[in-house]
Amino acid sequence: MSAKLSARDVVVRRGARAVLDLPALDVESGETLAIIGPNGAGKTTLLLQLALLERPAEGEVLYDGAPARGRELALRRRMAVVFQQPLLLDRTVRKNVETGMSLRRIGGGERRRRAEAWLARFDVAHLADRRPLALSGGEAQRVSLARAFALEPEVLLLDEPFSALDAPTRAGLIEDLAAALADTRTTTVLVTHDHDEAARLGDRVGVLIGGRIRQIGRPADVFGEPADAEVAAFVGVETIVPAEVIARGDGMLTLSAAGHQLEAVSAVTAARALVCLRPEDVSLSAPGERISGSARNKLPARVTRITLTGADARVELDCGFRLVARITRRSFEDLGLREGAETVASFKATAVHLIPVGVSARAETH
Amino acid sequence: MDLVWEALKDGVRLLAHNDEDVYSITIRSLYVSGVATVISLVLGIGAGAVLAFRRFPGRLAVLTLVNTGMGFPPVVIGLVVAILLWRSGPLGELHWIYTTRAMIIAQAVIATPVITGFTAASLASLDPRLRLQVYALGASRLQMLWLLLQEVRLPLLAALMAGFGAAISEVGASVMVGGNIAGQTRVLTGAILLEQSRGNFGPALALGIILLALMISVNALFTWVQIGVRDRQRAEASPGRAPDAATMTSAGALLRR
């Protein structure tokens, strides 16, 4: 694999503040790179840089290994961008899909063929003669995707393309996009704040916080083994506790945290570490109840706060440190939990992710 | 009451005779204001696009100037153009003073801010990301402008009507730089002024009717085009999009002098 699109020492400033700082980022040919990050992390700025729609204050964007500067128009005609809003022009759906192709001097017959094929592919062929104002949000976004794919771009850049849609519409569209990406093997960068989208569509996931890529790697690694506390918090780790390593052997570490002994499977060699736990990895049981399974860690705890969602219950606990568990609504009701009640929290040694402390946390780059 | 009645009868008689003078004055009016409008369209759309899309030092000052220009006293514009074109003035060499060219310049100066203002306002009302999307589709800067101008074609038609209206109904500047010379630079407004000053209310009223009829037919034509565009769009209500054409048109009417 080779880098199709790269950023080298790219810095973007708003006033005196650097809102984006990318020493090195490579998008490999044929891959889908998902960039996740909280609001204001610089995701859209990053996408506009890669789309050559904004010039960096410093550094450069490389296309096929060569600087893009000076040939932005020609390169933009080899890429396509889908924004959060459909941003269709006030003309028929068919003409909308054909406009970009006209700008790229693609002949009339070919334009019509591609427009028809991609409108059909995204299930909006029946809307070809409608105007954008007569479309629903989901339909309009499908047209916007069809317009991008019809350009047969070498690079596809997607800026939160689903975040303005309701959940069922979004789910359908994500599957259609995944299928289209799998068929065309288009080099793609997807920017999103949604973990599920990133995990579903990304071959790799990058975490952008405060304008910097803090971690990049396979989805399982990023979500399971966050590189630092901020990444951990963003990817859904809700319990982060400082601990000291008191014994190690056979890949198993024993740690001490707030007076509790914890066991973790980890290769960390530092003397101190942050213990990270995802809420769905923590189970609760009644005091005195025998805990089945292989949970090596059992902590008595007091319930401090309960938040009920549709199918789940989020339970905040105090066991010397703050621990968060997410259990099913059913087990929540079986346990009869109340705020102030005593319970036992348990989790496997393999569910614990450790972030070494003292060693500078550095983003893993590929 | 007699005066009005006599004037009306005179006027109808004049129109019925198909007087050659009246005919050539009307054609001259259309020619001068038509050319002036075309010039101000080119200048106004260009300047409006720059004002809408570019951030440059002094932009606010220029916007203020344009907004003032939309209501600038034509007499002052006439005076400035006259000074510039005066035989001993900086552009006196051209010998354009007291010609239709001078009138075209004056009317273009009057209509340009109107069209600039409308263009800037309507382009600025578009979602700024639409410009990025159009660039991302592969548009050059000119192609981007062309595509976005089509997005605001309704308010642009309103701008066209307002600009033409401002030009053809203007009298002070045209007379100052054109001289109101019979057979050469006399247009409808100038002729009305002259007839009225001589006490010939009949011919003045007849010319007034022609001017009104002319403006109404031109606006009717553009309105017809506008409505045609809108019907083809079969647009459901779209709050926050391009400014409503009807509002823009009445705003244009207010600007006319």
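What pattern does chain B follow, read along the sequence? In this predicted model, the answer is simply α-α-α-α-α-α-α-α-α-α-α-α. Counted up, that comes to 12 helices and zero strands for chain B. The chain has 257 residues, and 42% of them are buried. Among its contacts with a separation of 6 or more, 78% link residues that sit 24 or more positions apart.

Take one helix pair as a worked case. Two packed helices are described by the angle between their axes and the distance between the axes. For helix H3 (residues 59–69) and helix H5 (residues 100–124) of chain B, the axes come within 8 Å and cross at roughly 120 degrees. That angle makes H3(B) oblique to H5(B), and the crossing is left-handed. On the H3(B) side the contact is made by B:Val66, B:Asn67 and B:Gly69, while H5(B) brings in B:Pro113, B:Thr116 and B:Gly117. By class, this little set splits into two nonpolar, four polar and no charged residues.

H5(B) turns up again in the nonpolar core. In soluble globular proteins, nonpolar side chains tend to be buried together. Here the largest nonpolar core has 168 residues, and H5(B) supplies its largest share, 15 residues. The residues with the most contacts inside this core are A:Ala146, A:Leu157, A:Val275 and B:Ala106, so both chains appear on that list. Leaving aside residues up to four places away in sequence, B:Ala106 touches B:Ile77, B:Gly78, B:Val81, B:Ala173, B:Ser174 and B:Val177.

Next comes the interface. The contact between the chains takes 19 residues from chain A and 19 residues from chain B. On the chain B side, the elements giving two or more residues are helix H6 (128–137) and helix H7 (141–151). H6(B) provides the largest share of that side, with seven residues. Sorted by class, the chain B side holds eight nonpolar, six polar and five charged residues.

So how buried is H6(B) itself? Seven of its 10 residues are buried, so H6(B) is largely enclosed by the rest of the structure. The buried ones are B:Arg131, B:Leu132, B:Gln133, B:Val134, B:Tyr135, B:Ala136 and B:Leu137. Their cover draws on both chains: it includes helix H2 (72–76), strand E6 (79–82) and helix H3 (93–103) of chain A, plus helix H2 (20–53) and H7 of chain B. Right after H6(B) comes B:Gly138, with a positive phi near 115 degrees.

Over in chain A, A:Val282 is worth a stop. This residue is placed in the loop between strand E14 (272–277) and strand E15 (283–285). Is A:Val282 buried or exposed? With 25 C-beta neighbours inside 10 Å, against a threshold of 20 or more, A:Val282 counts as buried. Setting aside residues up to four places away in sequence, its contacts are A:Leu277, A:Leu323, A:Ala325, A:Ala345 and A:Phe347. There is also a spatial link along the chain: A:Val282 and A:Val352 are 70 residues apart in sequence, yet 10.0 Å apart in space, C-alpha to C-alpha.

Note on methods:
Residues numbered from 1 in each chain as written. Chains lettered and ligands numbered in written order. Predicted model: local features only at pLDDT ≥ 70, side-chain atom pairs only at ≥ 80, totals over all residues. Contact = placed C-beta atoms within 7 Å. Helix = DSSP H or I, 4+ residues; strand = E, 2+ residues; numbered from the N terminus. Nonpolar A, V, L, I, M, F, W, Y, C, P; charged D, E, K, R; others polar. Axes fitted to C-alpha atoms, helices over the stretch in contact; angles between N-to-C directions. Parallel < 35°, antiparallel > 145°, perpendicular 65-115°, else oblique. Left-handed = near helix turned anticlockwise from the far one by under 90°. Core = buried A, V, L, I, M, F, W, Y, C linked by C-beta atoms within 7 Å. Buried ≥ 20, exposed ≤ 12 C-beta atoms within 10 Å, placed from the backbone.
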